[in-house]
Amino acid sequence: MNTNKFTSNRATIYKDIPDERWNDWRWQLSHRLNSTADFEGVINLSEGEKHALDASGLFRVDITPYFVSLIDPNDLQDPIRRQVLPTEAEISTYTGMMEDSLSEDAHSPVPGLVHRYPDRALMLVTTQCASYCRYCTRGRIVGDPAAAFSRSELDAQIDYLKRTPQIRDVLLSGGDPLVLAPKVLREILTRLREIPHLEIVRIGSRVPVFMPMRITDELCDMLREFHPLWINIHVNHPNEITKELADACAKLADAGIPLGNQSVLLAGINDCVHIQRRLVQDLVRMRVRPYYLYICDLVEGAGHFRTPVSKGIEIIEGLRGHTSGFAVPTFVVDAPGGGGKIPVMPNYLLSSSDHKVVLRNYEGFISTYEEPQDYHAHDKKTCTYCQSKRQEKGQSGVLGLLEGESMGIKPEGFDDMHMREGDAHRLRADNRKWKALGIGNEGDNTE
């Protein structure tokens, strides 16, 4: 890949550091900046930043020399600076703020493992990162050495995966899995690959962005042993895309690892259609497909980063049709309370009838699509795939309603409330009356 489009930068204070040290990821980790004195040698701090750096109780600060070198030292609104340097705004509270806004802990059957979706699970394998984002959704544990996951907890995670055959896809996150010692990461991947029903292993990492030196030939050679392996990186702004990051992504892609990007929509940083369009186009040049664009989570200290959901819809409106389809991420709200990722997008379906739908494109061009009048629905009774899926346990959700599994989805306590404390009687005795009779349903609703 031609990476000449992308540039490198090294802060003046680091100009005399030999390349062999600068390009050593262990040197980068051991020379991270985290104090007022550290940063004053590289950038001009505001009084608010100094106050936040000296305050107690705020989320951990650590920034690699490489990443801090990408900051314009005189620009208080620099988009990289605002992502990693604390400000007094983090002290402010706001409506809806939560410690665990995604209710990950409530969906954690064993410490460090989150089983929110039917066929996949999240493993938190470390609480440490190369640098720390100020809007971190796991600020309650990330960055805290005392919250590290023990060997026994890792064993419990692996054991849960072994005895839960419905899980076919595991995501390693944390913290950042790529800051783990190489032998520890290898051990985790080896143990996962020994579980027959695990088809896919994914790694979520911002290490290529914070510390691209970590993506060595040795690491890539090790990772390629565990295919199919996918990696999602985390880039929020075009200024984060450098020659070093492009080279790191090229090594990973050449090792056969599909790459995706997950961004967070952040006020004053990337809440602009044109910034987002530049970002996704630079990403695909590096063979990184834009995957998700998240609304900022309702976590402590992140109130000043939040945007309205409508801003994300506007951005998708400005991407769809204006750039390649595979460069358009899915805009999602990771629902507070554990609802998971909910896609939100502009409305392209304007109306419909029993034989026609009315659609509009990104330009406002309105068209109609004629529906078939002689379509015969797929026969689920004779389909071996459908029959095998009916045997699986899991949350079928709205799809279950479409397939006739139930009449509705009820809130907790719904039936009890509508009993109105009345005594049971013969007309209430047979719950089968509340099941669909099978009219218009392909499934068999009898027991």
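## A walk through the pockets, strands and rings

The largest pocket takes up a volume of about 1,400 Å³, and it's a good place to start in this predicted model. Select Glu 104, Arg 138, Tyr 294, Asp 334 and Lys 341: of the 50 residues that line the pocket, these lie nearest its centre. Now colour the lining by class. You should get 24 nonpolar, 16 polar and 10 charged residues.

**Next stop: the cavity**

How many cavities of 30 Å³ or more does a search of the whole structure find? One. The largest cavity holds about 50 Å³ of space. To see its walls, select Asn 261, Ser 263, Gln 276, Leu 279, Val 280, Leu 283, Pro 290, Tyr 291, Tyr 292, Leu 293 and Pro 329. Strand 6, helix 12 (273–285) and strand 7 (288–294) are the elements that each give two or more residues to this lining. Colour by class again: eight of the cavity's lining residues are nonpolar, three are polar and none is charged.

**Along the strands**

Stay with strand 6, residues 259–264. Five of its six residues are buried, so the rest of the structure largely encloses the strand. Strand 7 tells a similar story: five of its seven residues are buried, so this strand too is largely enclosed by the rest of the structure.

Show the two strands together. Strand 6 and strand 7 pair in the parallel sense, over six bridges. For a landmark, pick Asn 261, which stands opposite Pro 290 in strand 7. Both Asn 261 and Pro 290 also turn up in the lining of the largest cavity.

Now add strand 5 (residues 229–233), which pairs with strand 6 over three bridges, in the parallel sense. The residue to click here is Asn 232, opposite Gly 260 in strand 6.

Then hop to strand 8 (residues 330–335) and click Thr 330. Is Thr 330 buried or partly exposed? With a relative accessibility of 33%, Thr 330 counts as partly exposed, because the buried class needs a value under 20%. If you want a distance to draw, go from Thr 330 to Arg 306: C-alpha to C-alpha they are 18 Å apart in space, with their positions 24 residues apart in sequence.

**Rings to look at**

Switch to the aromatic side chains. The structure has eight aromatic pairs. Zoom in on one of them, Phe 67 with Phe 210: the pair is edge-to-face, with 4.8 Å centre to centre and 85 degrees between the planes. What does this pair tie together? Phe 67 belongs to helix 5 (residues 65–68) and Phe 210 to helix 9 (residues 207–210), so the contact ties together parts that are 143 residues apart in sequence. Put a surface on and check both rings' residues: Phe 67 is buried, and Phe 210 is buried as well.

For a group of rings, select Tyr 14, Trp 22 and Trp 27, which form one aromatic cluster.

**Last stop: charges over rings**

Finish with two arginines. Select Arg 214 and Trp 25: the charged end of Arg 214 sits over the ring of Trp 25, 4.2 Å from its centre. Then select Arg 116 and Tyr 117, where the charged end of Arg 116 sits over the tyrosine ring, 5.4 Å from the ring's centre.

Terms used:
Residues are numbered from 1 along each chain as its sequence is written. This is a predicted model: local features need pLDDT of at least 70, side-chain atom pairs count only at pLDDT 80 or more; totals for chains, interfaces and linings use all residues. Side-chain values use heavy atoms; hydrogens and water are left out. On a 1 Å grid over the protein atoms alone, a cavity is a set of points where a 1.4 Å probe fits but cannot get out, and a pocket is an open set with protein on both sides within 12 Å along at least five of seven lines; lining residues have an atom within 4 Å of a point. Grid points are joined across faces, edges and corners, and a volume is the space filled by probe spheres set on the points. Ala, Val, Leu, Ile, Met, Phe, Trp, Tyr, Cys and Pro count as nonpolar, Asp, Glu, Lys and Arg as charged, and the others, Gly among them, as polar. Rings of Phe, Tyr and Trp (its six-membered ring) pair if their centres lie within 6.5 Å; planes under 30 degrees apart count as stacked, over 60 as edge-to-face and the rest as tilted. Helices (H or I, at least four residues) and strands (E, at least two) are DSSP runs, numbered from the N terminus. Buried means under 20% relative accessible area, exposed over 50%, partly exposed in between (1.4 Å probe, protein chains only). A charge sits over a ring if NZ of Lys or CZ of Arg is within 6 Å of the ring centre and within 35 degrees of the ring normal. Two strands pair if DSSP finds at least two bridges between them.
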